[in-house]
Amino acid sequence: MVTTRSRSKNNRATDKDRSKERYAYRPRSTFEESDALVGCKTIDHYLQYDCLLTREELQRLDEHVYSAVDTSWLDELCMKKFWEAVVIYYPLWVAPNLLTLIGLIVNLTTVLVLSFYCPTATETAPSWTYFLAAAGLFAYQTLDATDGKQARRIGASSPLGELFDHGCDSASQVFVTLNVCYALQLGTVRCGVFIACLISVSLFYTAHWSTYCTGQLRFARFDVTEAQWSIISMLLCTAVFGPGIWSIGVFGYSLKHLLLAAVALGTIYQALGYLAVIFTEGVGKNGSTVAGTSVLFPICPLLAVIVPYCMIYSKSASSVYDDLIVIFVLQFGAVAAKATNRLIVAHMSRSELSLWDWIYMGPIALMINQYYDIKIDEPRLLKYTTVYVYLSLLVYCLFITRQICDHMGIYCFKVTTPQRAANK
């Protein structure tokens with residue numbers, strides 16, 4: 001039930017002034033010395049530009065309060081009760097971020113097992129691997145949904161927990177989507193695997209784009225929980241009947257293509273909803289973002305991720321990216337995850353986004369090799385650049401996490417308060 005309170009005109013005017021002040025544009029200040037720096041001028045310059053927050057950004061992140069509206073059908077029907085029943089069995093010494101990390105590792109492990117048997121998403125894997133993937137996704141969903149409940153249960157809620165949760169979710173998008181690709185054998189459809197991953201990460205980014213504009217994360221009636229249960233059901237059906245079940249003809253079309261059409265329509269509907277929020281509900285001055293910047297600018301980092309990979313995939317004269325499609329979309333997913341993480345940090349710290357990111361050197365290297373006919377072996381370059389982008393993502397996550405922990409006087413994976421914080 002929503003409760004409204006009447007306020008005087010003076011109070012409403014004061015609230016409006018405070019809102020303007022909170023969401024006013026603030027250009028990024030000069031970076032100051034930090035314990036996170038390593039002492040090498042070149043590396044420190046990279047860290048300052050790519051990985052670290054200024055003192056003002058850390059202060060605003062410290063003030064951040066999580067805000068969300070959840071109207072998910074399954075959450076309200078049964079899942080919230082299930083998660084509340086599960087969380088009471090967690091030991092009080094288990095840190096919420098540790099639950100999030102375990103869920104990410106479980107999800108990654110099960111996807112890698114399926115990737116071993118389906119390197120091009122055209123093969124049929126043993127039935128147990130699909131069961132394992134379904135169980136892994138269920139475990140990931142449960143741990144991801146209960147980490148916040150564990151944080152509130154033990155009094156360990158913090159902005160770091162929200163950032164860590166959404167950061168792991170951004171990395172998991174491509175893993176979850178690959179499960180669908182393996183179950184439906186989308187490698188048999190031209191560009192099928194890449195398009196599926198492109199839609200998934202773009203929709204996730206757009207959801208946080210709308211949050212950057214409104215300051216509030218909103219869940220629709222059919223959202224993450226329903227999508228995950230649809231994928232779990234798909235994996236279980238594949239485990240029982242085999243991938244061939246999705247090739248059964250229905251009304252002259254294969255079941256696989258009908259499912260893809262339904263997903264496409266659902267994606268368009270969801271994306272239009274996010275865009276409507278972006279263009280009409282910005283909380284900053286003149287409908288701007290929480291940082292007081294244009295609501296249109298976040299599309300630039302998204303295009304900087306999507307366009308190069310579309311060009312790389314379409315330009316290749318060989319089948320190298322189809323033969324190594326898993327590695328290709330894993331690299332794409334890492335670059336998209338870092339762009340999304342930057343957007344989440346910008347929302348929580350009410351700071352402007354930057355367009356350039358050093359992780360873009362991965363796709364740029366692939367493009368230069370193609371368009372200038374440099375004789376570097378494409379499969380080998382793809383593997384090298386994939387390692388590079390994951391290292392870039394890992395370094396970013398490690399330094400951001402360490403800096404926030406130092407600033408707030410907390411540990412990431414421990415409930416115990418550090419001594420330096422206790423002495424303050």
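**Exercise 1. Find what Lys-414 lies over, and then find a second lysine placed over a ring.**

Lys-414 lies over the face of Tyr-411, at 5.3 Å from the ring centre. A charge counts as sitting over a ring if NZ of Lys or CZ of Arg is within 6 Å of the ring centre and within 35 degrees of the ring normal. Next, go to Lys-315: its charged end sits over the ring of Tyr-371, 5.1 Å from the centre.

Before going on, note that this is a predicted model, where local features need pLDDT of at least 70 and side-chain atom pairs count only at pLDDT 80 or more, while totals for chains, interfaces and linings use all residues. Residues are numbered from 1 along each chain as its sequence is written, and side-chain values use heavy atoms, with hydrogens and water left out.

**Exercise 2. Work out how the rings around Tyr-313 are arranged.**

Step 1: start with the total, which is 14 aromatic pairs. Rings of Phe, Tyr and Trp (its six-membered ring) pair if their centres lie within 6.5 Å; planes under 30 degrees apart are stacked, over 60 edge-to-face, and the rest tilted.

Step 2: take Phe-194 and Tyr-313. Their ring centres are 5.3 Å apart and their planes are at 25 degrees, so this pair is stacked. It joins distant parts of the chain, with Phe-194 in helix H8 (residues 192–214) and Tyr-313 in helix H11 (residues 299–315), 119 residues apart. Helices here are DSSP runs (H or I, at least four residues), numbered from the N terminus.

Step 3: swap the partner for Phe-328. With centres 5.6 Å apart and planes at 35 degrees, Tyr-313 and Phe-328 make a tilted pair. Phe-328 belongs to helix H13 (residues 325–349), 15 residues from Tyr-313.

Step 4: check burial, where buried means under 20% relative accessible area, exposed over 50%, and partly exposed in between (1.4 Å probe, protein chains only). Tyr-313 counts as buried because its relative accessibility is 7%, and Phe-328 does so at 0%.

Step 5: zoom out. One aromatic cluster takes in Phe-194, Tyr-309, Tyr-313, Tyr-321, Phe-328 and Phe-332.

**Exercise 3. Is Thr-386 buried or exposed, and which side chain does its own side chain touch through a polar contact?**

First, place Thr-386 in helix H15 (residues 378–408). At 11% relative accessibility, Thr-386 is buried. Its side chain makes a polar contact with that of Gln-331, at 2.8 Å. Such a contact is a pair of N or O atoms within 3.5 Å; within protein, one must be able to donate a hydrogen and the other to accept it, and residues adjacent in sequence count only if both atoms are side-chain atoms.

Definitions and conventions. Helices (H or I, at least four residues) and strands (E, at least two) are DSSP runs, numbered from the N terminus.
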